[in-house]
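Student: Please take a close look at one part of this model, the pairing of its strands. Go strand by strand, and add whatever the loops and the core contribute.

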Amino acid sequence: MAEIVAEEKINKAVDPQNLSEGEKKHIPEITAPESIASGEAFDVLVEVGLIPHVMEEKHYIEWIELYLNDKKIDRVELSPERKKAEATFTVKIDKSLAGKSVNLRALEHCNIHGSWEEFRSIKVS
Ligand SMILES: [Fe+2]
């Protein structure tokens, strides 16, 4: 018998120009170079969020994931003992993508408010 898995809704900004307080606390902030050279490693910092999310036992960010064009780079598990809800990912883009734009996607999960995502496009030379 096939198992039915409920797909969890992923939240994003309703109006990116006018974020609510809840959105500011949950939408991942992606810091990455605007353009990068293929084959060279670079760091991507993901912070939650524009207003730092609390890291308390009853309310915290459980994990942060980073994707490159739908391929998962990594997942960083966080605990409430962490001071800040943030993670740094080291990414290397394949030389076959030189001359193109790639899409970074950050996804995070709050134990109370669910999953939130943000995107960022970067140019590859
Ligand atoms: Fe939350």
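Tutor: What follows starts with the ground rules, then moves through the strands, the core and the chain's later segment.

This is a predicted model, in which local features need pLDDT of at least 70 and side-chain atom pairs count only at pLDDT 80 or more, while totals for chains, interfaces and linings use all residues. Residues are numbered from 1 along each chain as its sequence is written.

Two terms come first. Strands (E, at least two residues), like helices (H or I, at least four), are DSSP runs numbered from the N terminus. Two strands pair if DSSP finds at least two bridges between them. In general, strands of a sheet pair through backbone hydrogen bonds, either parallel or antiparallel.

Start with the open sheet. It holds three strands in the order E2-E4-E7, and their pairing is antiparallel. The edges belong to E2 (28–31) and E7 (86–92). Each has a single partner strand, so one side of each lacks a neighbour in the sheet. From one strand to the next, the twist averages 25°. The axes behind that angle are lines fitted to C-alpha atoms (for helices, over the stretch in contact), and angles run from 0 to 180 degrees between N-to-C directions.

Now look inside this sheet. E4 covers residues 41–48 and is joined to E7 by seven bridges, antiparallel. Opposite Val46 you will find Ala87 in E7.

Follow the chain out of E4. The peptide bond from Val48 to Gly49 is cis, with omega near -10°. Gly49 sits in the loop between E4 and E5, a strand that spans 61–68.

E5 pairs with E8. Seven bridges connect the two, again antiparallel. Leu68 has Leu104 in E8 as its bridge partner.

Beyond E5 comes the loop to E6 (71–77), where Asn69 lies. Phi of Asn69 is near 50°, positive in a residue other than glycine. Asp70 lies in this loop between E5 and E6 too. Its phi is also positive, about 75°, and Asp70 is not a glycine. Is each residue buried or exposed? The cut-offs count other C-beta atoms within 10 Å of a residue's own, with C-beta atoms placed from the backbone: 20 or more is buried, 12 or fewer is exposed, and anything in between is partly exposed. Asn69 has 12 C-beta neighbours inside 10 Å, so it counts as exposed. Asp70 has 7 inside 10 Å, so it counts as exposed.

Next, the core. A nonpolar core is a set of buried Ala, Val, Leu, Ile, Met, Phe, Trp, Tyr and Cys residues joined through C-beta atoms within 7 Å. The largest one has 13 residues. Val44, Val46, Ile61, Ile64, Leu66 and Ala106 touch the most other members. E4, E5, E7 and E8 (101–110) are the elements that give two or more residues to this core.

Take Ile64 from that list. A contact here requires C-beta atoms, placed from the backbone, to lie within 7 Å. Leaving out residues up to four places away in sequence, Ile64 touches Pro28, Val46, Val48, Val76, Leu78, Ala87, Ala106 and Glu108. Val46 and Ala87, which stand opposite each other, both appear among those contacts.

Turn to E9, residues 114–124. E8 and E9 pair antiparallel over 10 bridges. A hairpin through three residues joins them. Arg105 faces Phe119 in E9, and Leu104 stands opposite Arg120 in E9. Leu104 is thus one to remember: it is also the bridge partner of Leu68.

E9 has parallel pairings as well. E1 (residues 10–11) pairs with E9 in the parallel sense over two bridges. There, Ile10 has Ser115 as its bridge partner. E3 (residues 35–36) also runs parallel to E9, with two bridges between them. Here the bridge partner of Ile36 is Val124.

Last, the segment after E9, which includes Ser125. Ser125 is exposed, with 11 other C-beta atoms within 10 Å. Its C-alpha lies 6.0 Å from that of Ser38, although the two are 87 residues apart in sequence. Residues up to four places away in sequence aside, Ser125 touches Ser35, Ala37, Ser38 and Ala98.

Note on methods: Contact = placed C-beta atoms within 7 Å.
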